[in-house]
Amino acid sequence: MSFVPPRAVLDRLRPEGPLLKALAAACCLVIIVLSLLPGNERPHTGFSGNIEHVVAYAGTACFVALALLRRPVAVLVIAFSAASAFFEICQIWIPGRSAGFDNWFASTLGALIGVAAARYIVLPRLSAWLARR
């Protein structure tokens, strides 16, 4: 016997649904806050900063790409890249933070990975799973 979620839950899981839009907005807010916190207040995972950037932007971009299906892949990646560049420039004036080309590149790479994964791996599988319900 397999678990079948109620129709109301499935409707919220659909691409461009309210749940995915809320998750995308929450992830974006987390990136904004963590990017603008002073260095001594920011949590550290123990991994390199570039790994943190790739993972954070890949996860966020994945949710955003599923929430905003009408936006082309290139537009989403460019928007994330521009936001990352803006945050890196802002960090010049934030105590304990420093701007870095490598951080911007890692964030942009993470956004590309996340958007591509969402559109070409997650979306087809999610759509097929939802169609069977």
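How many disulfides does the structure hold? Zero. Keep in mind that this is a predicted model.

Let me go through the cysteines. Cys-62 takes part in no disulfide, and the nearest cysteine sulfur to it belongs to Cys-27, 9.4 Å away. A disulfide here needs the two sulfur atoms within 2.5 Å. Cys-62 is also buried, at a relative accessible area of 16%.

Then Cys-90. Why is Cys-90 without a bond to Cys-28? Because the sulfur of Cys-28, the closest cysteine sulfur, is 16 Å from that of Cys-90, which is too far. Cys-90 counts as buried as well, with 19% relative accessibility.

Next, the aromatic rings. Searching the whole structure gives three aromatic pairs. I will show two of them.

One is Tyr-57 with Phe-80, an edge-to-face pair with 6.1 Å between centres and 80° between the planes. This pair links distant parts of the chain, since Tyr-57 sits in helix H3, residues 49-67, and Phe-80 sits in helix H4, residues 73-90. The two are 23 residues apart. Are these rings buried or exposed? Tyr-57 counts as buried at 5% relative accessibility, and Phe-80 counts as buried at 9%.

Another is Phe-101 with Trp-104, which is tilted: the centres are 5.2 Å apart and the planes are at 40°. Both residues lie in helix H5, residues 101-131, and because they are three residues apart, about one helical turn separates them. As for accessibility, Phe-101 is exposed, with a relative accessible area of 63%, while Trp-104 counts as partly exposed at 24%.

Technical notes: Residues numbered from 1 in each chain as written. Predicted model: local features only at pLDDT ≥ 70, side-chain atom pairs only at ≥ 80, totals over all residues. Heavy atoms only, no water. Buried < 20%, exposed > 50% of the residue type's maximum accessible area, 1.4 Å probe, protein only. Phe/Tyr/Trp six-rings, centres within 6.5 Å; stacked < 30°, edge-to-face > 60°. Helix = DSSP H or I, 4+ residues; strand = E, 2+ residues; numbered from the N terminus.
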